[in-house]
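This report describes selected local features of one protein model. The sequence and structure are shown first, and the description follows.

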Amino acid sequence: MSITMMFFVLWAQAPSIDDVVLYSPANEAIESIGIIRFNGTLGAHSIYSGPPSPEIDAAWNRISVDARPVRMTLEQLLRTREKPSPSMARYPDEYGGGYMASVEVIHQLHCVDMLRRVTWGDHNKSSSHDFHKSTGSFRIHLDHCIEMIRQNIMCRSDVTMLTYDWVEGVKEPFPNFNILHRCRNFEKVLDWIDEHRVFVSKSKVVRLEDNVDLASPP
């Protein structure tokens, strides 16, 4: 009976599948920096806010420009629950082989930067992609970014509580966005990405003999 009870307790305390961290080679870079208070005061400035300028653009470029491609082995790919496909881009053997990959946070920040530039009327520099040959293709890219941000926010469903204050001259209770969040060390993740970047010129990233094109983007 004692053994049965022990197994029952262990089973009850075991994390559910929803609590298991999805594998990524970059998981080794995840580090909590504890509880951080966000600065959500209206009108507050940071190195990322304000009209486009060389300084602000440089700050955004440091965290979002380029996909910063890295390499995944077949074993790592399978651990991410993806299956190898003939359409997947791989590096030539002379560059170490492996599957071309990038870390999602860089893509998400690229999308935020694209929206930032558009709100300032800076459409030309909102992306370096070559397929912006028409207003329609640009709109598709912009809508894609909005959808990616929406899905990420809803997926993570931040349940941190906002309180409200009465503010002089404001008729409605005003939300306090300066609240505590548990945060990860983004700089450590960025360092991991830069340490694992694969520097291959675009002319060398070519379809290999066994690659097969998808009929449309995934």
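In this predicted model, T80 touches L22, Y23 and M72, leaving out residues up to four places away in sequence. T80 lies in the loop that runs between α3 (74-79) and β3 (99-101). The residue is buried, because its relative accessible area of 15% falls under the 20% cut-off. The side chain of T80 also reaches the backbone oxygen of L77, at 2.5 Å.

**Helix α2 and its surroundings**

Helix α2 spans residues 54-64, and its buried residues are I56, D57, A59, W60, I63 and S64. Viewed down the axis of α2, these buried residues fall within an arc of 155°, so they line one face of the helix. The general geometry accounts for such spacing: an α-helix has 3.6 residues a turn, so residues three or four places apart point the same way. Among the elements that cover the buried residues of α2 are α4 (104-119) and α6 (186-195). On the face turned away from the buried side, α2 carries the exposed residues P54 and E55.

**The segment after α6**

D66, which follows α2, has a positive phi, near 70°. The side chain of D66 is joined to that of R197 by a polar contact of 2.8 Å. R197 belongs to the segment after α6, and with neighbours within four places in sequence left aside, R197 is in contact with D66, R68, P69 and V70. The C-alpha atoms of R197 and A67 are separated by 9.7 Å, although these residues are 130 residues apart along the chain. R197 counts as partly exposed, at 23% relative accessibility, because that value lies between the cut-offs of 20% and 50%.

**A nonpolar surface patch**

Which residues make the nonpolar surface patch of about 610 Å²? The patch is formed by L42, L162, Y164, V167, V170, F174 and F177. One of these residues, Y164, is found in strand β4, residues 163-165. Y164 is exposed, with a relative accessible area of 51%.

**Accessibility of three residues**

The table sets out the location and accessibility of the residues discussed individually above.

| Residue | Location | Relative accessible area | Class |
|---|---|---|---|
| T80 | loop between α3 and β3 | 15% | buried |
| R197 | segment after α6 | 23% | partly exposed |
| Y164 | strand β4 | 51% | exposed |

Methods. Residues are numbered from 1 along each chain as its sequence is written. This is a predicted model: local features need pLDDT of at least 70, side-chain atom pairs count only at pLDDT 80 or more; totals for chains, interfaces and linings use all residues. Side-chain values use heavy atoms; hydrogens and water are left out. Buried means under 20% relative accessible area, exposed over 50%, partly exposed in between (1.4 Å probe, protein chains only). Helices (H or I, at least four residues) and strands (E, at least two) are DSSP runs, numbered from the N terminus. The arc is that of the directions from the helix axis to the C-beta atoms. Contact means heavy atoms within 4.5 Å. Patches are made of residues with over 30% relative accessible area and no salt bridge: like charges are joined within 9 Å, nonpolar side chains (Val, Leu, Ile, Met, Phe, Trp, Tyr) within 5 Å. Accessible areas come from the Shrake-Rupley method with a 1.4 Å probe; for residues, only the protein chains shown count as cover. A salt bridge is a side-chain nitrogen of Lys or Arg within 4 Å of a carboxyl oxygen of Asp or Glu. A polar contact is a pair of N or O atoms within 3.5 Å; within protein, one must be able to donate a hydrogen and the other to accept it, and residues adjacent in sequence count only if both atoms are side-chain atoms.
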